[in-house]
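Student: Got a minute to go through this one with me? I'd like to start with how the pieces pack.

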Amino acid sequence: MPAIDVAGEFETIQRLLKPLAHPEWARGLADDVAALPSRPGHDLILTKDAIVEGVHFLPDDPLDTVAQKLLRVNLSDLAAKGAEPFGYLLACHWSERCGWPEREAFVAGLRRDQAIFDISLLGGDTVKTPGPASFSATLLGWAPSGAAVSRAGARPGDLVFVTGTIGDGWLGLQAAQATLSLEPERMDALEAAYRTPMPRVEFAPVVLGLATASADVSDGLLADAAHIAEASGVSLEIDLERLPLSAAAQAWFEGRVDPQAALELLASGGDDYEILLTVPAGAENALRREAERRHLRLTCVGRVAEGRGLSPRYLGQAITPTRTGWTHG
């Protein structure tokens, strides 16, 4: 049953969203635009992602975590480019289930992450829809002029690294749907990874300083490695046995009868929002030191070679996975 209705768009903006707005450049959300001054010596970096109920989040997911996930998937894109986040534009398509308490919960999630990541709302739009609910955000960030890292800079001889762990997003969706059977604390950890992934914003300066190419792991590690390979005109050799697993993912993995197939699933599931990056071999020690300073797990999962495309391997043998990641139609 839907919650009580609200007075309308302008009350939502005035009472809920205005307190999140940048105190100067958002114009109090009372105008049709925001006015953003330039930052000398920097490029404005923009990214936009949308999330849809039933596709990117479950119909019964709490809306505060939905709001956090919306910001975090975009912040992950900025981090992979080495950009410093600044603010965001927001579009809310409220469904019938999004009454006033649900909207309050959504805004509470935004407020929580604005404080964590030091960003502000700059403007946007709200509309009502018969469903499903969907939300989109355009994140803005800064990078020194011409320095934002792309997918296109990987060179033969580079090493391939990934932050954090891989597979928790895919397993977390199953945990949230109660189709997974693990100990309760493992299930809780996986659900949290799915609902509120942690973008590696603190690693962005390292990406900016050391990476030759990078992408965030949203579609799946194999799929995003393939994107880098294609953009750079090289081959990315990925060693599946090196895949970094969390304690929860390791517990799931240990129960599989086909280790290679299990690793393929983890490497193609997506929704991890870690950073996949290539660095010159000579920069490995510096990269590891920076990760250690930030208490961030970092794993070498492969290398860049001559050729073109994705080259996944398992125990030294080239393999052809049944899938590499998520694609939208």
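Tutor: Sure. One term before we start: contact here means heavy atoms within 4.5 Å. Keep in mind too that this is a predicted model.

Student: OK, using that, what do the buried residues of α4 pack against?

Tutor: They pack against three helices: α5 (184–195), α8 (247–253) and α9 (259–268). Helix α4 itself spans residues 168–176 and is mostly covered, with seven of its nine residues buried.

Student: Which residues of α4 are the buried ones?

Tutor: Asp-168, Gly-169, Leu-171, Gly-172, Gln-174, Ala-175 and Ala-176.

Student: And what does Ala-178 do just after α4?

Tutor: Ala-178 takes a positive phi there, about 60°.

Student: Zooming out, how many helices and strands are in the chain?

Tutor: The chain has 10 helices and 11 strands. Its radius of gyration is 20 Å, close to the 20 Å that the globule rule gives for 329 residues, so the chain is as compact as a globular protein of that length. Along the principal axes, the C-alpha atoms fill a box of roughly 60 × 50 × 35 Å.

Student: What share of the residues is buried?

Tutor: Buried residues make up 52% of the 329. As for what stays accessible, the chain exposes about 14,400 Å², and carbon and sulfur atoms supply 52% of that area.

Student: And how much of the contact count comes from residues 24 or more positions apart?

Tutor: Those account for 85% of the contacts with a separation of 6 or more.

Student: On to sheets. In what order do the strands of the seven-stranded sheet come?

Tutor: The order is β6-β8-β5-β9-β7-β10-β11, in an open sheet with mixed pairing. At the edges stand β6 (213–216) and β11 (317–318); each has a single partner strand, so one side of each is left without a neighbour in the sheet.

Student: How do β10 and β11 run, parallel or antiparallel?

Tutor: Antiparallel, with two bridges joining β10 (residues 309–314) to β11. If you want a spot to look at, Tyr-314 stands opposite Gln-317 in β11.

Student: Switching to charges. How many salt bridges are there?

Tutor: The count comes to 16. One of them pairs Arg-39 with Glu-84, with the closest N and O atoms 3.1 Å apart. That pair links distant parts of the chain: Arg-39 is in the loop between α1 (9–17) and β1, while Glu-84 is in strand β2 (residues 84–94), 45 residues apart.

Student: How accessible is Glu-84?

Tutor: Glu-84 is partly exposed at 44% relative accessible area. Arg-39 is partly exposed as well, at 30%.

Student: What about Arg-195, which residue does it meet in a salt bridge?

Tutor: Arg-195 meets Asp-61, at 2.8 Å from N to O. Arg-195 lies in helix α5 and Asp-61 in the loop between β1 and α2 (63–80), so the pair ties together parts that are 134 residues apart in sequence.

Student: Why does Arg-195 count as buried?

Tutor: Because its relative accessibility is 16%, and buried means under 20%. Asp-61 is buried too, at 3%.

Student: And Glu-237, what does that one bridge to?

Tutor: The side chain of Glu-237 meets that of Arg-313, at 3.4 Å from N to O. Glu-237 lies in strand β7 (residues 235–239) and Arg-313 in strand β10, so this pair ties together parts 76 residues apart in sequence. Salt bridges that share partners then join Glu-237, Asp-239, Arg-242, Arg-303 and Arg-313 into one network.

Student: Are those two buried or exposed, or somewhere in between?

Tutor: Glu-237 counts as buried at 14% relative accessibility, while Arg-313 is partly exposed at 23%.

Student: Last topic, the greasy surface. Which residues form the nonpolar patch with Leu-44?

Tutor: Leu-36 and Leu-46 join Leu-44 there, and together the three have about 240 Å² of accessible area. Leu-44 is found in strand β1 (residues 42–52) and is partly exposed, with a relative accessible area of 34%.

Student: And Ser-134, what is it in contact with?

Tutor: Leaving aside neighbours within four places in sequence, Ser-134 is in contact with Ile-51, Val-52, Ala-91, Cys-92 and His-93. Ser-134 lies in strand β4 (residues 134–144) and counts as buried at 16% relative accessibility.

Technical notes:
Residues are numbered from 1 along each chain as its sequence is written. This is a predicted model: local features need pLDDT of at least 70, side-chain atom pairs count only at pLDDT 80 or more; totals for chains, interfaces and linings use all residues. Side-chain values use heavy atoms; hydrogens and water are left out. Helices (H or I, at least four residues) and strands (E, at least two) are DSSP runs, numbered from the N terminus. Buried means under 20% relative accessible area, exposed over 50%, partly exposed in between (1.4 Å probe, protein chains only). Two strands pair if DSSP finds at least two bridges between them. Patches are made of residues with over 30% relative accessible area and no salt bridge: like charges are joined within 9 Å, nonpolar side chains (Val, Leu, Ile, Met, Phe, Trp, Tyr) within 5 Å. Accessible areas come from the Shrake-Rupley method with a 1.4 Å probe; for residues, only the protein chains shown count as cover. A salt bridge is a side-chain nitrogen of Lys or Arg within 4 Å of a carboxyl oxygen of Asp or Glu. The radius of gyration is taken over C-alpha atoms; the globule rule is 2.2 Å times the number of residues to the power 0.38.
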